Amino acid sequence: MKKVAFAIVQSPETGKVLFLKRVKYPFGWGLVGGKLDKDEHHLSAMLRETYEETGLVVMPESHRYLGEVQLTPNTLAYVYRVYAKEFQPVLAEREHSDFCWIDEWEDADLAGKVSDMLDLLNIMK
């Protein structure tokens, strides 16, 4: 089974969530995150992926584990919420071409992805 870890990077001041635009499959906008390395714990994967994809170093007091979601029959996702002031990510050019901070009023489709994931976890925003 493929295992992935995601970070819902959210500004505590505005409530906006960071999305990154992928340049490789699966194309489009998505959350920060990626595959777990062999024998890697999902927390370590989330911390590593967040740093690799954005340059953000996640402090222990700024994240919370939300749970796991079966994305597909073969993909299990571990989901974290990370609180960070809005910043300009240092994008890994081989993975992402753009970023945006959005809330549900600006782009319902993107914000819906976060809401759908939280709904699967039965966690209120």
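These exercises work through a predicted model of one chain.

**Exercise 1. Lay out the fold of the chain: how many helices and strands are there, and in what pattern do they follow along the sequence?**

Solution.
- Start with the count. The chain has two helices and seven strands.
- Next, take the order. Along the sequence the pattern reads β-β-β-β-α-β-β-β-α.
- Then look at burial. Of the 125 residues, 47% are buried.
- Turn to contacts with a separation of 6 or more. Residues 24 or more positions apart account for 64% of these.
- Finish with the surface. The chain exposes about 7,300 Å², and carbon and sulfur atoms supply 53% of that area.

**Exercise 2. Describe the surroundings of strand S6: which strands pair with S6, and in which sense, parallel or antiparallel?**

Solution.
- Take S1 (residues 2-10). This strand pairs with S6 in the parallel sense, over nine bridges.
- One bridge partner can be named here: glutamine 10 is matched with tyrosine 83 in S6.
- Take S5. Eight bridges join S5 to S6, and the two run antiparallel.
- The connection between S5 and S6 is a hairpin through two residues.
- Check the cover. Eight of the nine residues in S6 are buried, so the strand is mostly covered.

**Exercise 3. Find the aromatic pairs and classify each one: how many does a search of the whole structure find?**

Solution.
- The search finds two aromatic pairs.
- Tyrosine 65 and tyrosine 80 form one of them, with 5.0 Å centre to centre and 55 degrees between the planes. Planes under 30 degrees apart count as stacked and those over 60 as edge-to-face, so an angle between these limits is tilted. This pair is therefore tilted.
- Place the two rings. Tyrosine 65 sits in strand S5 (residues 63-72) and tyrosine 80 in strand S6 (residues 75-83), 15 residues apart.
- The backbone agrees: tyrosine 80 is the bridge partner of tyrosine 65 in S6.
- Compare burial. Tyrosine 65 has a relative accessible area of 36%, so it is partly exposed. Tyrosine 80 has 3%, so it is buried.
- Now take phenylalanine 87 and tryptophan 101. Their ring centres are 5.7 Å apart and their planes stand at 75 degrees, so this pair is edge-to-face.
- Place these rings too. Phenylalanine 87 lies in the loop between S6 and strand S7 (96-102), and tryptophan 101 lies in S7, so the pair ties together parts 14 residues apart in sequence.
- Tryptophan 101 counts as buried because its relative accessibility is 10%.

**Exercise 4. Compare the settings of histidine 42 and histidine 96: where does each lie, and is each buried or exposed?**

Solution.
- Histidine 42 belongs to helix H1 (residues 42-54). Histidine 96 belongs to strand S7.
- Apply the cut-off: buried means under 20% relative accessible area. Histidine 42 has 15%, so it is buried. Histidine 96 has 4%, so it is buried.
- List the neighbours, leaving out residues up to four places away in sequence. Histidine 42 touches Ala5, Leu36, Tyr65, Tyr78 and Tyr80. Histidine 96 touches Leu20, Lys21, Arg22, Val23, Glu53 and Leu91.
- Link back to the rings. The contacts of histidine 42 include Tyr65 and Tyr80, the two members of the tilted pair.

**Exercise 5. Follow valine 4 across the fold: how far apart are valine 4 and tyrosine 78 in sequence and in space?**

Solution.
- Locate the residue. Valine 4 is in strand S1.
- Valine 4 is buried because its relative accessible area is 7%.
- Valine 4 and tyrosine 78 are 74 residues apart in sequence, yet 6.3 Å apart in space, C-alpha to C-alpha.
- Beyond four places in sequence, valine 4 touches Gly34, Lys35, Leu36, Leu71, Thr75, Leu76, Ala77 and Tyr78.

**Exercise 6. Examine the backbone at aspartate 39: what is its phi, and where does the residue lie?**

Solution.
- Recall the background. Most residues other than glycine have a negative phi.
- Aspartate 39 has a positive phi of about 65 degrees, although it is not a glycine.
- Its place is the loop between strand S4 (32-35) and H1.
- Its relative accessibility is 76%, so aspartate 39 is exposed.

**Exercise 7. Identify a nonpolar surface patch: which residues make the patch of about 320 Å²?**

Solution.
- The patch is made by Tyr51, Val57 and Met59.
- Place one of these residues: tyrosine 51 is in helix H1.

Definitions and conventions:
Residues numbered from 1 in each chain as written. Predicted model: local features only at pLDDT ≥ 70, side-chain atom pairs only at ≥ 80, totals over all residues. Heavy atoms only, no water. Helix = DSSP H or I, 4+ residues; strand = E, 2+ residues; numbered from the N terminus. Buried < 20%, exposed > 50% of the residue type's maximum accessible area, 1.4 Å probe, protein only. Contact = heavy atoms within 4.5 Å. Areas by Shrake-Rupley, 256 points an atom, 1.4 Å probe, with all protein chains shown as cover. Phe/Tyr/Trp six-rings, centres within 6.5 Å; stacked < 30°, edge-to-face > 60°. Pairing = 2+ DSSP bridges. Patch = residues over 30% accessible without salt bridge, like charges linked within 9 Å, V, L, I, M, F, W, Y side chains within 5 Å. Salt bridge = Lys/Arg side-chain N within 4 Å of Asp/Glu carboxyl O.
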